[in-house]
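Welcome, and please open your viewer with the cartoon and side chains ready to switch on. We will take this one selection at a time.

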Amino acid sequence: MLGFPIIIAVLQTALFLFVFKYETPKFLYIRKKRRICDEALSKIYITNADIDRVMSKIKAVTLSQGAGGEAGWKDLFGRTYITALIVVLGILTVTLALHCFQQLAGGNTFMMFSTKIFESAAKGDHTLPLIGTILAGLVTIDGVFSFSLIADEFGRKIIMTYGTLALVIFLLCMAAFSYFKIIMCQVAGIMGCLFFYSLSIGPVTWIYTSELLPPKGIGLATAANWFLVYGLIFLCNKFFTTKEGIASVLTVFAGFTFCAFLYSIIVMKETKGNFDIENKLLYAPKDIRLAALTSPVITPKQQRCEKD
(Lines give C-alpha, C1' and ligand atoms only; values in the text may rest on other atoms or scores of the structure.)
Protein backbone atom coordinates (compact mmCIF):
# COMPACT_ATOMS: atom_id res chain seq x y z
CA MET A 1 0.00 0.00 0.00
CA LEU A 2 2.91 2.33 0.72
CA GLY A 3 4.66 1.38 -2.51
CA PHE A 4 2.88 3.89 -4.75
CA PRO A 5 3.56 6.96 -2.51
CA ILE A 6 7.22 5.90 -2.27
CA ILE A 7 7.46 5.73 -6.07
CA ILE A 8 5.92 9.19 -6.37
CA ALA A 9 8.34 10.58 -3.75
CA VAL A 10 11.35 9.12 -5.57
CA LEU A 11 10.05 10.52 -8.88
CA GLN A 12 9.58 13.99 -7.36
CA THR A 13 13.09 13.91 -5.90
CA ALA A 14 14.57 12.92 -9.27
CA LEU A 15 12.67 15.70 -11.04
CA PHE A 16 13.85 18.34 -8.56
CA LEU A 17 17.45 17.12 -8.81
CA PHE A 18 17.74 16.75 -12.58
CA VAL A 19 14.88 18.62 -14.30
CA PHE A 20 13.46 21.39 -12.10
CA LYS A 21 16.85 22.13 -10.58
CA TYR A 22 16.86 25.93 -10.95
CA GLU A 23 15.59 28.58 -8.59
CA THR A 24 13.02 31.00 -10.01
CA PRO A 25 14.42 33.46 -12.57
CA LYS A 26 13.35 36.41 -10.42
CA PHE A 27 15.28 35.08 -7.42
CA LEU A 28 18.39 34.48 -9.55
CA TYR A 29 18.16 37.96 -11.08
CA ILE A 30 17.87 39.64 -7.68
CA ARG A 31 20.89 37.66 -6.46
CA LYS A 32 22.80 38.86 -9.56
CA LYS A 33 23.20 35.35 -10.97
CA ARG A 34 22.45 36.48 -14.51
CA ARG A 35 24.03 33.51 -16.33
CA ILE A 36 22.05 30.95 -14.30
CA CYS A 37 18.94 33.13 -14.69
CA ASP A 38 19.32 33.00 -18.49
CA GLU A 39 19.78 29.22 -18.35
CA ALA A 40 16.62 28.82 -16.28
CA LEU A 41 14.61 30.97 -18.70
CA SER A 42 15.91 29.01 -21.69
CA LYS A 43 14.66 25.80 -20.07
CA ILE A 44 11.17 27.25 -19.59
CA TYR A 45 10.63 29.28 -22.78
CA ILE A 46 11.38 28.32 -26.37
CA THR A 47 11.70 31.61 -28.28
CA ASN A 48 14.03 34.51 -27.54
CA ALA A 49 11.05 36.85 -27.77
CA ASP A 50 9.37 35.10 -24.82
CA ILE A 51 12.61 35.14 -22.84
CA ASP A 52 13.09 38.87 -23.46
CA ARG A 53 9.47 39.60 -22.52
CA VAL A 54 9.74 37.71 -19.22
CA MET A 55 13.12 39.27 -18.44
CA SER A 56 11.67 42.74 -18.99
CA LYS A 57 8.85 41.94 -16.57
CA ILE A 58 11.35 40.63 -13.98
CA LYS A 59 13.35 43.84 -14.28
CA ALA A 60 10.23 45.97 -13.89
CA VAL A 61 9.07 44.06 -10.81
CA THR A 62 12.55 44.19 -9.26
CA LEU A 63 12.74 47.93 -9.91
CA SER A 64 9.36 48.42 -8.21
CA GLN A 65 10.73 46.67 -5.14
CA GLY A 66 13.89 48.72 -5.03
CA ALA A 67 17.02 48.41 -7.12
CA GLY A 68 19.21 47.31 -4.24
CA GLY A 69 17.35 44.16 -3.30
CA GLU A 70 13.94 43.10 -2.12
CA ALA A 71 12.41 45.49 0.36
CA GLY A 72 10.99 44.37 3.66
CA TRP A 73 7.63 45.31 5.13
CA LYS A 74 9.04 48.36 6.89
CA ASP A 75 10.71 49.61 3.72
CA LEU A 76 7.57 49.18 1.64
CA PHE A 77 4.94 50.50 4.02
CA GLY A 78 6.60 53.40 5.75
CA ARG A 79 9.66 54.70 7.50
CA THR A 80 8.33 53.77 10.95
CA TYR A 81 7.53 50.36 12.37
CA ILE A 82 4.13 51.59 13.56
CA THR A 83 3.10 52.43 10.00
CA ALA A 84 4.38 49.08 8.75
CA LEU A 85 2.61 47.24 11.59
CA ILE A 86 -0.77 48.74 10.64
CA VAL A 87 -0.44 47.47 7.07
CA VAL A 88 1.04 44.09 8.00
CA LEU A 89 -1.75 43.32 10.45
CA GLY A 90 -4.32 44.18 7.79
CA ILE A 91 -2.73 41.90 5.20
CA LEU A 92 -2.26 39.05 7.67
CA THR A 93 -5.89 39.32 8.76
CA VAL A 94 -7.06 39.07 5.14
CA THR A 95 -4.81 36.15 4.20
CA LEU A 96 -5.20 34.15 7.43
CA ALA A 97 -8.97 34.45 7.18
CA LEU A 98 -8.74 33.14 3.63
CA HIS A 99 -6.69 30.14 4.82
CA CYS A 100 -9.27 29.41 7.52
CA PHE A 101 -12.07 29.45 4.95
CA GLN A 102 -10.02 27.22 2.64
CA GLN A 103 -9.77 24.44 5.19
CA LEU A 104 -13.29 24.90 6.57
CA ALA A 105 -14.66 24.54 3.03
CA GLY A 106 -13.74 20.88 3.39
CA GLY A 107 -11.78 20.19 0.22
CA ASN A 108 -8.75 18.64 1.88
CA THR A 109 -11.03 16.72 4.23
CA PHE A 110 -12.79 15.19 1.23
CA MET A 111 -9.49 14.06 -0.26
CA MET A 112 -8.36 12.48 3.01
CA PHE A 113 -11.68 10.85 3.92
CA SER A 114 -13.10 10.13 0.45
CA THR A 115 -12.58 6.39 0.91
CA LYS A 116 -14.41 6.43 4.25
CA ILE A 117 -17.28 8.43 2.75
CA PHE A 118 -17.61 5.99 -0.13
CA GLU A 119 -17.42 3.03 2.27
CA SER A 120 -20.31 4.53 4.21
CA ALA A 121 -22.39 4.60 1.04
CA ALA A 122 -21.17 1.34 -0.52
CA LYS A 123 -23.06 -1.05 1.80
CA GLY A 124 -20.37 -3.72 1.65
CA ASP A 125 -19.28 -3.14 -1.94
CA HIS A 126 -15.46 -3.10 -1.85
CA THR A 127 -14.93 -1.83 -5.41
CA LEU A 128 -16.88 1.44 -5.09
CA PRO A 129 -14.55 3.03 -2.48
CA LEU A 130 -11.49 2.25 -4.61
CA ILE A 131 -13.01 3.53 -7.84
CA GLY A 132 -14.42 6.60 -6.09
CA THR A 133 -11.06 7.50 -4.56
CA ILE A 134 -9.31 7.23 -7.94
CA LEU A 135 -11.98 9.38 -9.60
CA ALA A 136 -11.70 11.92 -6.77
CA GLY A 137 -7.98 12.35 -7.48
CA LEU A 138 -8.60 12.77 -11.21
CA VAL A 139 -11.36 15.34 -10.65
CA THR A 140 -9.10 17.31 -8.30
CA ILE A 141 -6.37 17.44 -10.95
CA ASP A 142 -8.94 18.52 -13.54
CA GLY A 143 -10.12 21.37 -11.29
CA VAL A 144 -6.60 22.69 -10.72
CA PHE A 145 -5.83 22.43 -14.45
CA SER A 146 -9.02 24.34 -15.28
CA PHE A 147 -8.03 27.05 -12.83
CA SER A 148 -4.64 27.44 -14.53
CA LEU A 149 -6.44 28.08 -17.82
CA ILE A 150 -8.78 30.79 -16.54
CA ALA A 151 -6.84 32.42 -13.68
CA ASP A 152 -5.33 35.24 -15.74
CA GLU A 153 -8.45 35.64 -17.85
CA PHE A 154 -11.01 36.24 -15.11
CA GLY A 155 -8.91 37.09 -12.06
CA ARG A 156 -8.86 35.71 -8.53
CA LYS A 157 -11.90 37.53 -7.12
CA ILE A 158 -14.39 36.41 -9.78
CA ILE A 159 -13.20 32.80 -9.72
CA MET A 160 -13.35 32.79 -5.93
CA THR A 161 -16.87 34.26 -5.86
CA TYR A 162 -18.55 31.96 -8.38
CA GLY A 163 -16.50 28.91 -7.37
CA THR A 164 -17.43 29.13 -3.68
CA LEU A 165 -21.10 29.70 -4.55
CA ALA A 166 -21.12 26.51 -6.64
CA LEU A 167 -19.28 24.71 -3.83
CA VAL A 168 -21.96 25.71 -1.31
CA ILE A 169 -24.66 24.19 -3.55
CA PHE A 170 -22.75 20.93 -3.98
CA LEU A 171 -21.97 20.68 -0.25
CA LEU A 172 -25.65 21.03 0.68
CA CYS A 173 -26.64 18.47 -1.95
CA MET A 174 -23.87 16.18 -0.74
CA ALA A 175 -25.15 16.46 2.84
CA ALA A 176 -28.64 15.41 1.74
CA PHE A 177 -27.32 12.57 -0.42
CA SER A 178 -25.17 11.29 2.45
CA TYR A 179 -28.02 11.36 4.94
CA PHE A 180 -30.41 9.45 2.65
CA LYS A 181 -27.58 7.28 1.23
CA ILE A 182 -28.36 7.94 -2.43
CA ILE A 183 -25.15 6.30 -3.61
CA MET A 184 -24.69 7.50 -7.18
CA CYS A 185 -25.77 11.04 -6.30
CA GLN A 186 -23.35 10.92 -3.36
CA VAL A 187 -20.49 10.01 -5.70
CA ALA A 188 -21.46 12.78 -8.13
CA GLY A 189 -21.80 15.24 -5.24
CA ILE A 190 -18.33 14.66 -3.86
CA MET A 191 -16.87 14.95 -7.38
CA GLY A 192 -18.59 18.31 -7.78
CA CYS A 193 -17.32 19.47 -4.40
CA LEU A 194 -13.75 18.50 -5.22
CA PHE A 195 -13.88 20.08 -8.68
CA PHE A 196 -15.14 23.48 -7.54
CA TYR A 197 -12.85 23.46 -4.49
CA SER A 198 -9.85 22.78 -6.74
CA LEU A 199 -11.08 25.40 -9.21
CA SER A 200 -11.60 28.20 -6.70
CA ILE A 201 -10.76 28.51 -3.03
CA GLY A 202 -8.11 25.77 -3.08
CA PRO A 203 -5.58 27.38 -5.46
CA VAL A 204 -6.79 30.99 -5.10
CA THR A 205 -5.82 30.98 -1.41
CA TRP A 206 -2.19 30.13 -2.14
CA ILE A 207 -1.84 32.44 -5.14
CA TYR A 208 -3.46 35.34 -3.28
CA THR A 209 -1.17 34.75 -0.30
CA SER A 210 1.97 34.73 -2.45
CA GLU A 211 0.88 37.97 -4.13
CA LEU A 212 0.19 39.81 -0.88
CA LEU A 213 2.84 38.51 1.53
CA PRO A 214 6.64 38.29 1.51
CA PRO A 215 8.25 34.90 2.33
CA LYS A 216 8.03 35.27 6.13
CA GLY A 217 4.33 36.05 5.91
CA ILE A 218 3.73 33.08 3.61
CA GLY A 219 5.42 30.86 6.20
CA LEU A 220 3.08 32.11 8.92
CA ALA A 221 0.01 31.55 6.72
CA THR A 222 1.22 28.05 5.82
CA ALA A 223 1.65 27.17 9.49
CA ALA A 224 -1.90 28.34 10.25
CA ASN A 225 -3.22 26.34 7.30
CA TRP A 226 -1.61 23.08 8.44
CA PHE A 227 -2.74 23.65 12.02
CA LEU A 228 -6.32 23.70 10.73
CA VAL A 229 -5.70 20.60 8.61
CA TYR A 230 -4.65 18.54 11.61
CA GLY A 231 -7.52 19.88 13.70
CA LEU A 232 -10.08 18.94 11.04
CA ILE A 233 -8.57 15.47 10.61
CA PHE A 234 -8.94 14.85 14.33
CA LEU A 235 -12.58 16.04 14.39
CA CYS A 236 -13.74 14.46 11.14
CA ASN A 237 -12.25 11.11 12.09
CA LYS A 238 -14.84 11.01 14.88
CA PHE A 239 -17.82 12.23 12.82
CA PHE A 240 -17.25 10.44 9.49
CA THR A 241 -18.56 7.14 10.84
CA THR A 242 -22.33 7.53 10.43
CA LYS A 243 -24.57 9.07 7.82
CA GLU A 244 -25.80 11.63 10.35
CA GLY A 245 -22.24 12.62 11.23
CA ILE A 246 -21.19 13.03 7.61
CA ALA A 247 -24.31 15.07 6.78
CA SER A 248 -23.73 17.33 9.79
CA VAL A 249 -20.08 18.00 8.92
CA LEU A 250 -20.95 18.75 5.28
CA THR A 251 -23.64 21.21 6.37
CA VAL A 252 -21.13 23.00 8.60
CA PHE A 253 -18.68 23.11 5.69
CA ALA A 254 -21.41 24.63 3.52
CA GLY A 255 -21.99 27.35 6.12
CA PHE A 256 -18.32 28.30 6.26
CA THR A 257 -18.06 28.20 2.47
CA PHE A 258 -21.00 30.61 2.23
CA CYS A 259 -19.07 32.91 4.56
CA ALA A 260 -16.12 32.60 2.16
CA PHE A 261 -18.47 33.55 -0.70
CA LEU A 262 -19.53 36.71 1.16
CA TYR A 263 -15.89 37.36 2.07
CA SER A 264 -14.87 37.26 -1.59
CA ILE A 265 -17.55 39.83 -2.46
CA ILE A 266 -17.05 42.23 0.45
CA VAL A 267 -13.37 41.97 1.43
CA MET A 268 -11.28 40.54 -1.41
CA LYS A 269 -9.68 42.89 -3.91
CA GLU A 270 -8.46 41.88 -7.34
CA THR A 271 -4.71 41.38 -7.76
CA LYS A 272 -4.66 40.39 -11.44
CA GLY A 273 -2.47 42.69 -13.53
CA ASN A 274 -0.95 44.56 -10.57
CA PHE A 275 2.74 45.12 -9.95
CA ASP A 276 4.22 43.40 -6.91
CA ILE A 277 4.35 46.56 -4.80
CA GLU A 278 0.73 47.39 -5.69
CA ASN A 279 -0.40 44.02 -4.32
CA LYS A 280 1.69 44.42 -1.18
CA LEU A 281 -0.07 47.76 -0.58
CA LEU A 282 -3.52 46.54 -1.61
CA TYR A 283 -5.00 46.61 1.91
CA ALA A 284 -3.00 49.56 3.23
CA PRO A 285 -4.81 52.75 4.29
CA LYS A 286 -5.12 55.19 1.39
CA ASP A 287 -2.61 57.74 2.71
CA ILE A 288 0.04 55.06 3.34
CA ARG A 289 -0.57 53.52 -0.09
CA LEU A 290 -0.24 56.84 -1.91
CA ALA A 291 2.90 57.77 0.02
CA ALA A 292 4.57 54.44 -0.72
CA LEU A 293 3.66 54.44 -4.41
CA THR A 294 4.82 58.01 -5.03
CA SER A 295 8.10 57.84 -3.10
CA PRO A 296 11.11 55.67 -3.96
CA VAL A 297 11.60 52.48 -1.97
CA ILE A 298 14.94 52.48 -0.16
CA THR A 299 16.05 49.04 0.85
CA PRO A 300 18.57 48.25 3.60
CA LYS A 301 21.17 47.39 0.95
CA GLN A 302 20.73 50.78 -0.70
CA GLN A 303 21.07 52.51 2.67
CA ARG A 304 24.40 50.78 3.30
CA CYS A 305 25.64 51.82 -0.16
CA GLU A 306 24.68 55.45 0.47
CA LYS A 307 26.60 55.46 3.78
CA ASP A 308 29.69 54.01 2.07
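What follows is a walk through the model, from the whole chain to single residues.

**The whole chain**

Start with everything shown as a cartoon, and keep in mind that this is a predicted model. You should see helices throughout: the protein chain has 16 helices and 0 strands. Of its 308 residues, 41% count as buried. Now think about how the chain meets itself. Among contacts between residues at least 6 apart in sequence, 74% join residues at least 24 apart.

**Helix α13**

Next, select residues 243–266, which form helix α13. How far apart are its end C-alpha atoms? They are 35 Å apart, and this agrees with the 34 Å expected for 24 residues at 1.5 Å a residue.

Now show the side chains of α13 and colour the buried ones. These are Gly245, Ile246, Ala247, Val249, Leu250, Phe253, Ala254, Thr257, Ala260, Phe261, Tyr263 and Ser264. As you look along the helix, it helps to remember that an α-helix has 3.6 residues a turn, so residues three or four places apart point the same way.

Stay on Leu250 for a moment. Not counting residues up to four places away in sequence, Leu250 touches Phe110, Leu171, Met174, Ala175 and Ser178.

**The nonpolar cores**

Leu250 also leads us into the largest nonpolar core, which has 47 residues. Select Leu171, Ile201, Tyr208, Leu250, Met268 and Tyr283 together: within this core, they are the residues with the most contacts. Which elements give two or more residues to the core? They are α6 (81–104), α7, α8 (127–154), α9 (156–180), α10 (183–199), α11 (201–212), α12 and α13.

Another core, of 8 residues, lies apart from that one. To find it, select Ala40, Leu41, Ile51 and Met55, which are among its members.

**Helix α12 and the second largest cavity**

Move on to α12, residues 215–239. Its 25 residues should span 36 Å at 1.5 Å a residue, and its end C-alpha atoms are indeed 36 Å apart. Colour its buried residues: Gly217, Ala221, Asn225, Val229, Leu232 and Cys236.

Two of these, Val229 and Leu232, take us to a cavity, since both appear in the lining of the second largest one. A search of the whole structure finds 2 cavities of 30 Å³ or more, and the second largest holds about 30 Å³ of space. Select the full lining: Gln103, Asn108, Thr109, Met112, Val229, Leu232 and Ile233. Helices α7 (107–122) and α12 each supply at least two of these residues. What is the make-up of the lining, nonpolar, polar or charged? It divides into 4 nonpolar residues, 3 polar and no charged.

**His99**

Now centre the view on His99, in helix α6. Is this histidine buried or exposed? At 1% relative accessibility, His99 counts as buried. Leaving aside neighbours within four places in sequence, His99 is in contact with Thr205, Trp206, Thr209, Ala221, Asn225 and Leu228. You have already coloured Ala221 and Asn225, as both are on the list of buried residues in α12.

**Pairs of residues brought together**

Draw a few C-alpha to C-alpha distances next.

- Leu172, in helix α9, is partly exposed at 44% relative accessibility. Leu172 and Ala247 are 75 residues apart in sequence and 8.6 Å apart in space.
- Leu235, in helix α12, is partly exposed at 43% relative accessibility. Leu235 and Val249 are 14 residues apart along the chain, with 9.5 Å between their C-alpha atoms.
- Lys269 sits in the loop between α13 and α14 (276–280), and is partly exposed with a relative accessible area of 35%. Between the C-alpha atoms of Lys269 and Leu282, 13 residues apart along the chain, the separation is 7.5 Å.

While you are at Lys269, show its contacts beyond four places in sequence: Tyr208, Leu282 and Tyr283. Tyr208 and Tyr283 should look familiar, as they are among the residues with the most contacts inside the largest nonpolar core.

**A last stop: Lys32**

Finally, go to Lys32, in the loop between α2 (25–30) and α3 (34–44). This lysine is exposed, with a relative accessible area of 64%. Check its backbone too: the phi of Lys32 is near 60°, a positive value in a residue other than glycine.

Methods: Residues are numbered from 1 along each chain as its sequence is written. This is a predicted model: local features need pLDDT of at least 70, side-chain atom pairs count only at pLDDT 80 or more; totals for chains, interfaces and linings use all residues. Side-chain values use heavy atoms; hydrogens and water are left out. On a 1 Å grid over the protein atoms alone, a cavity is a set of points where a 1.4 Å probe fits but cannot get out, and a pocket is an open set with protein on both sides within 12 Å along at least five of seven lines; lining residues have an atom within 4 Å of a point. Grid points are joined across faces, edges and corners, and a volume is the space filled by probe spheres set on the points. Helices (H or I, at least four residues) and strands (E, at least two) are DSSP runs, numbered from the N terminus. Ala, Val, Leu, Ile, Met, Phe, Trp, Tyr, Cys and Pro count as nonpolar, Asp, Glu, Lys and Arg as charged, and the others, Gly among them, as polar. The expected span of a helix is 1.5 Å times one less than its number of residues. Buried means under 20% relative accessible area, exposed over 50%, partly exposed in between (1.4 Å probe, protein chains only). A nonpolar core is a set of buried Ala, Val, Leu, Ile, Met, Phe, Trp, Tyr and Cys residues joined through side-chain atoms within 4.5 Å. Contact means heavy atoms within 4.5 Å.
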